[in-house]
Structure formats: C-alpha cells, structure tokens
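Visitor: I'd like to get to know this protein, and I'm going to ask how you justify the words you use. Can you show it to me?

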Amino acid sequence: MTISKTKTPEYQRTHLKMSLVIQKVITMHYFEFGKDYSFNGEKHDFWEFLYVDRGEVEVHADDQRYLLKQGSIIFHKPNEFHSFYATKGKAPNLIVMTFDCHSKAMQFFEQKVLHLEDEERNLLAQIVREGQQAFEFPFGHPLVRRQDAPVGSEQMIQSYLEILLVRLLRKSAQVEADTPLSTVAKEKSVHDLTSKVMSYMEAHIDAHLTLNEISQVFCVGKTQLKELFKKHTNYTLMEYFAKLKIDQAKILIREETYNFTEISRQLGFSSVHYFSKAFKKATLMSPSEYARTVKSRM
C-alpha cells in the first residue's frame, strides 16, 4: 500500500513598504508659556515640530518668519536654526517634539506650516497621553522611563507619530480612501455635532452646564450625546467642561490681567476657595504655585 505525501505549500512573504520610520525620540514637551515668553533659538541634527494648541506665536526659521495660530504645526529640518515668541500678549500652549527620521519622505515637511484637522489633533493628543504614561512628566531631557508604564506605550508613541506624518503626506497628495458616501456623511455629522457642543461650552464657560441642558439645546438624547462625545474626544461632557475651565484659568493666570478672585468669577466658580480646590485637583498645584512656575520660565 502506497501512502502519498501531501506537499506543504510554500507561502510567499510580502515585505511591507514603510513610507517613513521614526528611529528615535529625543524630546517631547507640552509647554504652557506666559504672555511675554521668548525663545532665543537653537539648531540641532534632528527633526522638530512645534504645534500651537492655544494662542499664537511668531516663528523664525533660518531667514523665514511664520505666524502660527491655534491648530497650526511647523516642522524644522535638521540643522535649521529656529526661534519663536508669544504674540499679542496671549499666553500660548505648545506641543514640541524632536525625533530622528532618515526617510526620504520627510523632505516634504521641510519648512512646512500645516493646519491640523480633528483626526490629526486627536493623534497628537494620543502621542502626549502615551508620552505621559511612558515617561516621567513633566518631560525632561533625557526622557526618563516610568517603571509603571503600560505595555507597548513607547511603541504607541512611534506608531501614532508615524500615522500622523503619513496622514499629512496623504492629505498633501490628495489621496483619499474609498469610503462610502453615507459613512463620510455620518462621520461629518458627528464631527459637526461635537464641534458645536465644544463651542457651546466655550461660550458658556462661566455657567454651570449640565448634560441635560446640553442635550436639550442640541435636541439629542442624553445617552446618544454622551456616547458620541466620549468616542470623539475621549472625555465625558462634564470632564471636558471641567478641563475647559481649568485650561482657561491657566491662560488667564499666565496673562496676568485678572486676580484669582476675578478669574474664579469669570469661570463660574462659586468662590475663590472652590476654584483653588478644583485647580489643585486638576493640576496638583494651587493657582499661586502655578503662577510661580510660569514666572520661573520667563
């Protein structure tokens, strides 16, 4: 009796092409500067980007000048001298990150100023969140690894950064994925609703908003609104509103126009004591301690 042997098929591996690869991260920062902050400048042999989260700054890159407003990002190529300063007395919030990348695709980003859309801003926020879990915060140089960092947190930083850069490359080349029109329309509707809710909260930052009130204003069920907002922002509505108040408080403190009592009143706190308590819970610093840290950076 002859037993036939089944030949094992040979499977061909496909090597995945990488448009760009981030080799190393040098620094990452989330800065909250005072209204008169000025950075005299530097140059180095690696890439850097600066993103304006709030306010606006004037950036000098070699012999070029750029005015960056909220939502804008600029890339500095290796060995490009760059400096910046706050403008119009507005205290800026900035995300700055430096990294090694030797991929040819990075040539696109030389002296580029781009405006980030929601998905790109979310990726940037994810980079900062993963950075806070991976390294001691506030970030120093060199970065210090946390002993309790979640599995893969540094890989997530690399992945999110590469995805952000690839998205910007795709947008410049006008390469769009084949997505059904109904899905695009649905996603746009969710983005629009979330943006409108965020704008409503910003306009009523001095109020005591509730989920019930917001859902009535936008004629959306409370459960649906909660789920959509959480999915789009990673915050609950009330978490975001509380964060909005504290973020605005930081800006007002750094701009030095109002005292703490006036700031607490502008942001709808019942007393300066309650404001100080909420501020310390969110930042681990009292308002006066925060003001001192800002002055120490001047």
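Guide: Sure, and keep in mind that this is a predicted model. Let's start with a charge and a ring: the charged end of Lys245 sits over the ring of Phe269, 5.7 Å from its centre.

Visitor: What makes Lys245 count as sitting over the ring of Phe269?

Guide: The NZ atom of a Lys has to be within 6 Å of the ring centre and within 35 degrees of the ring normal. Lys245 is 5.7 Å from the centre of the Phe269 ring, so the distance fits the cut-off of 6 Å. There's another case: Lys112 lies over the face of Phe108, at 4.5 Å from the ring centre.

Visitor: Why is Thr87 called buried?

Guide: Thr87 has a relative accessible area of 9%. Buried means under 20%, so Thr87 gets the label. You'll find Thr87 in the loop between strand 7 (82–86) and strand 8 (93–100).

Visitor: How do you know that the side chain of Thr87 makes a polar contact with the side chain of Glu56?

Guide: The two side chains come to 2.9 Å, and the cut-off for a pair of N or O atoms is 3.5 Å, so this pair qualifies. Setting aside residues up to four places away in sequence, Thr87 touches Glu56, Val57, Glu58 and Leu67.

Visitor: What makes a group of residues a nonpolar core?

Guide: They must be buried residues of certain kinds, such as Phe, Ile and Leu, joined through side-chain atoms within 4.5 Å. The largest one here has 31 residues, and those with the most contacts inside it include Phe49, Phe75 and Ile127. Helix 2 gives the most to this core, with seven residues. Apart from it lies another core, of 27 residues, with Ile205 and Tyr240 among them. In soluble globular proteins, nonpolar side chains tend to be buried together.

Visitor: Which residues does Phe49 contact, leaving aside its neighbours within four places in sequence?

Guide: Among them are Ile73, Phe75, Phe99, Leu124 and Leu161.

Visitor: What links Phe31, Phe33, Tyr37, Phe39 and Phe84 into a cluster?

Guide: Ring pairs do. Rings pair if their centres lie within 6.5 Å, and the structure holds 17 aromatic pairs.

Visitor: Which residues does the "HTH araC/xylS-type" domain cover?

Guide: The unreviewed UniProt entry puts that domain at residues 195–293. Over that stretch, the chain is 74% helix and 0% strand. The protein chain as a whole comes to nine helices and nine strands.

Note on methods:
Residues are numbered from 1 along each chain as its sequence is written. This is a predicted model: local features need pLDDT of at least 70, side-chain atom pairs count only at pLDDT 80 or more; totals for chains, interfaces and linings use all residues. Side-chain values use heavy atoms; hydrogens and water are left out. Helices (H or I, at least four residues) and strands (E, at least two) are DSSP runs, numbered from the N terminus. Buried means under 20% relative accessible area, exposed over 50%, partly exposed in between (1.4 Å probe, protein chains only). A polar contact is a pair of N or O atoms within 3.5 Å; within protein, one must be able to donate a hydrogen and the other to accept it, and residues adjacent in sequence count only if both atoms are side-chain atoms. Contact means heavy atoms within 4.5 Å. UniProt positions are given in the numbering used here, feature names are shortened, and annotations may be inferred rather than shown by experiment. Rings of Phe, Tyr and Trp (its six-membered ring) pair if their centres lie within 6.5 Å; planes under 30 degrees apart count as stacked, over 60 as edge-to-face and the rest as tilted.
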